[in-house]
Amino acid sequence: MVLSRRNLVKLAALTGLGAGLTACGRGFGGGGDGSEGGGVQLNMVWWGDASRAQKTQAALDIFQKKNPGVTVKTEYQDSGPYKDKLATRFAAGDPPDLMMMRMDSLREYADRGALLDLNRHTGAVGVSGLSESVKSLAAVGDKNYGIASGLNTIGFVVNRTLTEKYGVKIPDGNTWGWKDLATFAREISEASGKKVYGTGFEPATLANIIVYTRQRGEDFYTSDGRLGISEATIVAWFEMVEAMRKEGGFPPAGFFENIGGGAEQSYLAKGTLASQIIPTNNFLSYNAAAGGNLALLRMPGETTEKRRGQSIDTPALWSIAAQSKHQAEALKLLDFLINDPDASKATGTTRGVPANAEVAAEVKPSLPHDDQVATDYLIALQKEDLPRAYTYPPGSSAIASSLESIATEVEFGRQTPQQAARAFLDAGRKALGG
Amino acid sequence: MSRPIDTPVLDRPAANGAPAGGPRRRRPARPPQDRAGYLFLLPWFIGMLFTVIPFFASLYLAFTDYNLLNPPTWIGLDNFAEMLRDPLLHQSLKVTFIYTFVSVPLSLAAALGVAMLLNRGVRGLPVYRAVFYLPSLLGGSVAIVLLWRYIFGLDGIVNAFLGWFGIDGPGWTTDPDYALTTLIVLHIWTFGSPMVIFLAGLRQIPGMYYEAAAIDGASRWRQFRSITLPLLSPIIFFNLIQSLISSFQTFTQGFVMSGGTGGPAGSTLFYNLYLYQQGFSQFHMGYASAMAWMLLVIIAAFTAINFLAAKYWVFYDN
């Protein structure tokens with residue numbers, strides 16, 4: 001190898017050039033508006049895993065049988081890459097016809113006119129089976145940009161095997177408060193000699209802090225798309241968690257690792273946590289992973305604070321692209337997924353409890369026992385009078401990451417809850433543009 | 001001995017009808033060998049289009065407000081002005097600079113050290129070379145970063161080891177004070193590719209220099225200072241530039257370690273990770289493009305400084 005000065009310069013220049021020329025070359029399936037035999041081909045995209053794919057395909061097979069001439073080409077992948085891919089497809093002017101939409105991305109698309117206003121097509125997609133709170137999930141002003149692909153909420157699960165082992169009584173899940181949680185958690189940790197922590201959850205997870213915020217009479221996001229949470233509430237939230245941590249009921253700083261993964265990798269399954277917050281549609285898999293003896297409780301504070309905090313949520317919405325060339329067929333498919341019991345029988349609760357209450361009631365008996373528990377939980381909650389929640393404004397992904405960052409600062413004692421609250425509100429206002 | 005590059009070997013006087021003895025002229029038609037060459041290059045040229053077009057598109061987008069869904073609107077230098085005010089961008093620069101300036105010298109030193117050990121006539125050299133090279137192939141991969149997360153977890157192997165000595169180790173990947181250090185260690189571990197280049201360079205140094213120095217009574221350190229380093233300096237220079245450039249562009253490690261957030265508390269928010277967040281999570285593609293060009297400028301500046309400084313320490317034998 002002879003390195004002359006000239007060759008070296010060339011080499012370095014080439015690599016330097018390469019540095020600037022990093023192109024993002026991930027493969028990406030084009031949209032499917034090719035027609036087969038005079039029929040229409042819809043392109044539907046969603047995120048999820050192989051088992052969800054199987055169930056989804058089963059539903060689509062029924063749809064295709066009922067609607068000759070319409071074929072559905074689906075693509076699916078993990079939620080992370082899905083987000084990038086969806087954005088790229090819209091940017092390329094080749095959006096899918098029907099897509100699964102994250103709640104916190106909805107307005108990034110809707111506010112820029114990329115999604116179809118479903119309120120102008122109520123004849124095509126029936127919404128009479130949806131409760132008011134479900135209808136309002138994707139409502140922006142008098143427009144509606146999506147329908148819940150299924151319903152869920154968050155709930156508290158407690159491992160009865162552990163509470164029995166350590167002789168700790170589980171508080172009444174319908175009336176317990178945050179103080180009861182702290183006491184319960186401390187008792188478990190003490191009884192187990194800190195082998196098991198009484199409770200643990202991510203204080204930075206939006207769904208968790210949102211419940212607490214609502215209970216205190218504030219909206220996390222207000223109807224006009226601003227941050228409604230007060231400094232005092234943020235401080236109280238973090239102080240509560242840090243107090244539990246100090247007493248030993250809550251795991252020490254650095255305990256939660258960002259390992260992702262599902263129920264099998266959870267601390268509940270490992271037996272190092274006696275209770276945690278989960279999305280209710282995952283109850284079955286958590287119960288299976290944790291030994292089958294979980295109790296599903298409501299969130300603490302629902303009756304002890306100012307007002308109800310829980311809300312009916314959705315893991316994802318179905319939205320239709322404004323640019324879709326086959327809107328009529330896409331609406332038909334959406335209507336099928338929401339209102340046809342056959343569709344929900346095929347998909348089960350892979351995306352949550354069916355949004356249409358009648359469909360949910362009809363499907364329930366065919367579900368496995370644990371899914372029925374989660375379904376009952378949600379049906380009961382829907383009958384109650386819950387304050388309305390508003391859509392996530394554009395910029396909310398920056399707010400989520402800012403919350404995560406300040407929660408870590410507090411967790412490691414690098415900032416006081418007061419400093420963190422102020423920093424979060426500053427960053428949040430900036431992210432929402434004002 | 002040198003052959004002028006621009007005189008093709010094939011360029012012999014044309015046989016048919018060219019005035020013999022006249023001034024040599026280039027034939028209008030390219031020789032068939034040239035055509036074959038370009039034909040073979042064609043896939044590369046086509047591939048280049050997919051690089052060059054986005055390259056210039058991003059230059060344009062850097063001066064626009066572009067949210068991926070609506071057409072870009074020209075805003076001049078606003079994106080660059082915003083960079084001056086953006087605290088997260090400054091955080092990402094800080095992370096990237098610390099990472100680069102700590103890990104590059106250390107990994108080059110490790111590479112040179114191991115290369116010199118291997119150069120002392122170890123038996124089974126190819127095996128060792130492969131073993132030490134292996135981490136470079138794997139280090140940037142998702143699986144290895146995940147594995148490291150387990151090794152360095154709160155209940156991981158490292159803390160179990162420290163526990164034997166009564167040390168209560170921190171969460172190496174979850175504690176904002178240590179997460180970047182863990183990534184730096186991971187980077188140093190992947191010293192294989194500069195090591196292989198160093199090894200080849202060490203082989204080029206004639207043994208007689210060392211013999212002569214040894215006869216003159218030079219110590220090993222002296223030999224290293226006065227023979228190895230100067231003669232190896234072009235290779236060190238090359239490795240330095242290469243490592244700097246790739247280190248400035250770090251993405252995967254931070255992305256996987258933090259699950260894409262750059263956490264804990266922004267401590268692994270690499271520049272490219274923040275760029276990705278801006279572009280794809282927050283739909284600020286114009287800003288992300290401006291950031292990409294800023295990175296190019298930063299890398300070019302550091303490369304230029306290195307070339308200027310090279311005059312004073314890089315020694316060319318020829």
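## Chains A and B of a predicted model

In chain B, among the contacts with a separation of 6 or more, 68% are accounted for by residues 24 or more positions apart. This value, like the others in this report, is computed from a predicted model. The secondary structure of chain B amounts to 13 helices and 2 strands, and 35% of its 318 residues count as buried.

One helix of chain B can be described in detail. Helix α12(B), which covers residues 271–281, is mostly covered, with 11 of its 11 residues buried. Y271(B), Y274(B), Y276(B) and F280(B) are among these buried residues, and the list also includes N272(B), Q277(B), Q278(B), G279(B) and S281(B). The buried residues of α12(B) pack against elements of chain A as well as of chain B, and these partners are set out in the table below.

| Packing partner of α12(B) | Chain | Residues |
|---|---|---|
| α3 | A | 79–91 |
| α16 | A | 396–411 |
| α3 | B | 87–118 |
| α11 | B | 252–257 |
| α13 | B | 285–313 |

Just after α12(B) comes F283(B), a residue whose phi is positive, at about 60 degrees.

Chain A, which contributes α3 and α16 to the packing around α12(B), is divided into two parts, domain 1 being made up of 40–150 + 315–374 and domain 2 of 154–310 + 395–431. The C-alpha centres of domain 1 and domain 2 of chain A are 30 Å apart, and 10 residues of domain 1 of chain A are in contact with 10 residues of domain 2 of chain A. On the side of domain 1 of chain A that touches domain 2 of chain A, the residues divide into 4 nonpolar, 3 polar and 3 charged.

Chain A also contains an open sheet of 3 strands, in which the order is β8-β7-β9 and the pairing is antiparallel. The edge strands of this sheet are β8(A), residues 275–279, and β9(A), residues 294–297, each of which pairs on one side only. From one strand to the next, the twist averages 35 degrees. Strand β7(A), residues 154–159, pairs with β8(A) in the antiparallel sense over 5 bridges, and I154(A) stands opposite P279(A), a residue of β8(A).

Technical notes
Residues numbered from 1 in each chain as written. Chains lettered and ligands numbered in written order. Predicted model: local features only at pLDDT ≥ 70, side-chain atom pairs only at ≥ 80, totals over all residues. Buried ≥ 20, exposed ≤ 12 C-beta atoms within 10 Å, placed from the backbone. Helix = DSSP H or I, 4+ residues; strand = E, 2+ residues; numbered from the N terminus. Contact = placed C-beta atoms within 7 Å. Domains from an automatic or database assignment. Nonpolar A, V, L, I, M, F, W, Y, C, P; charged D, E, K, R; others polar. Pairing = 2+ DSSP bridges. Axes fitted to C-alpha atoms, helices over the stretch in contact; angles between N-to-C directions.
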